[in-house]
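Student: I have a protein model to study, and I would like to go through some of its features one question at a time. Could we look at it together?

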Amino acid sequence: MKISQKLISGILGMATISVIVGVISTHQQLKMAKYLAQQEAEEVAGLLGYFVSHELENHEMRSREKMLAHLQNHVESLHKQRQRDLEIVDRHKIILADVVAEDIGTRLDRDRNNEVGKTILDGIPRTYVESSPEYPNGIQLIAVAFKTNNGETIGAVILEYTPLYKAALATAQKNIIVTLFISVGCSVFALTAGYLLSKSISKPIKQLQQAVVNLAEGKLDTRVNIRSQDEIGELATSFNKMADDLQYSREKLINANEQLRDEITERQEAEAELQQALKDLQKTQIQLIQSEKMSSLGQLVAGVAHEINNPVNFIYGNLEYADDYTQQMLLLIKLYQKHYPYPEPEIQNANQLNEIEYLIEDLPKMLTSMKMGAKRIREIVLSLRIFSRLDEAEFKTADLHEGIDSTLLILQHRLKAQSNRPQIEVVKEYGKMPKIQCFAGQMNQVFMNLLANAIDALEECFQKELCPNPLIRISSEQVNENAVIRITDNGSGIPKEIQSRLFDPFFTTKAVGKGTGMGLSISYQIITEKHGGSLECISSPGQGAEFVIAIPIRAGKLAQSSISDRIIG
């Protein structure tokens, strides 16, 4: 039954109170029409804001062009569903998406009083009339702030002012005319009927208004149960249809976003696996190169030591006999001098000419110096032979002090004074420590990496005039069941933020071409994985750096060396 029929069916007609109720109802319809139009615009803006927030949070790798293309597709989809003009502008009023694709990228300048700009600044929705060749009579639009889920305003959404407002306005005007016409002919006896009739009208309106509020709060499953055949019933039917459309669009968006999220997750997982594989490949390549370098160095040192060892042993062994023979000859000369104090003139001339007294005094000293030199060469050869264990993979008993000494011998040329710095002093403070079971060659490699890094740090520190007397201190001791070796320098130290990454593969603070970032990483693997020990760095800026190696003296049962283990060595 129409509202007019309800009014006609009234027994006594409308009175003054009926007029007031009709006016209130009409005003409520006008207000509700505006409210519905604004809420629809804000809902569309909210859906678009949710779409953009999802793009920003979960699709960082997507380009701006792809993101704008998806936004344009979404705008066209909403345009087809609602049959309304729709466009989106950024904070500078540049059109990002529009049902008229030719306008995309241009600046919006059709709001004469800058209503869109004001809405972007304060977030308050505004309506305005736009005149253009396409709409010579003007078209009424509403601008709503375009926000992300975090509440950040990134532009504005502009929609055609919803036809619901026009329909409600027409209905309201009609109700006003009918109400005034009937109220003139109504008598005072219709007060009760008018009151009951107005109540029957206002109740569904309030129900519809509350439903609109619920819909604005995001409760898209809200529906109104109004079955009347009047304008309110039509309005309720339109509201329910709009709610159905919004819920369907939101569910469709959520499903699309879930699908996109799954695809991106799979792509990120695949990319992470690829990055890890590449990192492992680079790590293996560096390890192989390091292994080949150290193995070649060990073979070279072993060959040199072997070639030097034979002639040195020959010289050193014969020097003993030469010393004995010389002493016998000198004893014989002294006996001649004793028993023949006045030899023949020819012998006297020969003594004076050859300075026989000086020769008798200097020859033993010369032989002693030669023996000391040959002994030093033998010690150097022994150190070279100890260092040449680099390619050994056997787990056996070794003296760590010998390994350190042999490494220092190899690095002797770097420790000596250079043209740009003084000699680096090495202080050895060896404590009592038994031989331990270890991979001797790999331990020499660790000593080589740590000492070479200390020399690099001291050279850099000296160039900065921060370390006038470069010093490396090496100490050893037995702590409980562990052999502990400390290698300390008096350089500029290592910052705290770098210490946590020292043992990461490929991390280096050296200039390009001067370091691979694998020395400390390989050393850490040798100590921890191969020997079950620990390697840590203790340093403070300006206080130098100390690397502490701890290896169990009574090593437990270790797994047999495999090809992968030998790569580290």
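The questions and answers below deal with a predicted model, and they take up helix packing, salt bridges, backbone angles and a surface patch.

Student: Which word describes how helices α10 and α12 lie relative to each other: parallel, perpendicular or oblique?

Tutor: Two packed helices are described by the angle between their axes and the distance between the axes. Here the axes of helix α10, residues 400-410, and helix α12, residues 440-463, come within 9 Å and cross at roughly 50 degrees. Angles under 35 degrees count as roughly parallel and those from 65 to 115 as roughly perpendicular, so the word for α10 and α12 is oblique.

Student: What is the handedness of the crossing of α10 and α12?

Tutor: The angle of roughly 50 degrees between the two axes does not by itself name the handedness, and for that one needs the sense in which the near helix is turned from the far one. For α10 and α12, the crossing is right-handed.

Student: How many residues apart in sequence are R110 and E87, which meet in a salt bridge?

Tutor: Side chains of opposite charge can pair when their charged atoms come close. The N to O distance between R110 and E87 is 3.5 Å, and this is one of 15 salt bridges counted in the model. R110 lies in the loop between β2 and α4 while E87 belongs to strand β1, so the pair ties together parts whose separation in sequence is 23 residues.

Student: Is E87 buried or exposed?

Tutor: A residue counts as buried when its relative accessible area is under 20%. Its partner R110 has a value of 25% and is partly exposed, whereas E87 has a relative accessibility of 5%, so E87 is buried.

Student: Which residues are joined into one network by salt bridges that share partners?

Tutor: In one salt bridge, R414 meets D456 with an N to O distance of 2.5 Å, and this pair links helix α11 with helix α12 across 42 residues. In another, the closest N and O atoms of R421 and E459 are 3.3 Å apart, with R421 in the loop between α11 and β7 and E459 in helix α12. Salt bridges with shared partners join these residues into one network, whose members are R414, R421, D456 and E459.

Student: Is R421 buried or partly exposed?

Tutor: Two other members of the network, D456 at 22% and E459 at 23%, count as partly exposed, the limit for buried being under 20%. R421 has a relative accessible area of 6%, so R421 is buried.

Student: What is the phi angle of K93?

Tutor: K93 is found in the loop between β1 and β2, and with a relative accessible area of 8% K93 is buried. Although K93 is not a glycine, its phi is positive, with a value of about 65 degrees.

Student: Where is N114, a residue other than glycine with a positive phi, found?

Tutor: The phi of N114 is near 55 degrees, and N114 counts as partly exposed at 32% relative accessibility. As for its place in the chain, N114 is found in the loop between β2 and α4.

Student: What is the area of the nonpolar surface patch that includes L332?

Tutor: L332 lies in helix α7, residues 231-339, and is partly exposed, with a relative accessible area of 46%. Since residues of a patch need over 30%, L332 meets that requirement. Together with L331, L335, Y336 and Y340, L332 makes a nonpolar surface patch of about 550 Å².

Notes: Residues are numbered from 1 along each chain as its sequence is written. This is a predicted model: local features need pLDDT of at least 70, side-chain atom pairs count only at pLDDT 80 or more; totals for chains, interfaces and linings use all residues. Side-chain values use heavy atoms; hydrogens and water are left out. Patches are made of residues with over 30% relative accessible area and no salt bridge: like charges are joined within 9 Å, nonpolar side chains (Val, Leu, Ile, Met, Phe, Trp, Tyr) within 5 Å. Accessible areas come from the Shrake-Rupley method with a 1.4 Å probe; for residues, only the protein chains shown count as cover. A salt bridge is a side-chain nitrogen of Lys or Arg within 4 Å of a carboxyl oxygen of Asp or Glu. Helices (H or I, at least four residues) and strands (E, at least two) are DSSP runs, numbered from the N terminus. Buried means under 20% relative accessible area, exposed over 50%, partly exposed in between (1.4 Å probe, protein chains only). Axes are lines fitted to C-alpha atoms, for helices over the stretch in contact, and angles run from 0 to 180 degrees between N-to-C directions. Angles under 35 degrees count as roughly parallel, over 145 as roughly antiparallel, 65 to 115 as roughly perpendicular and the rest as oblique.
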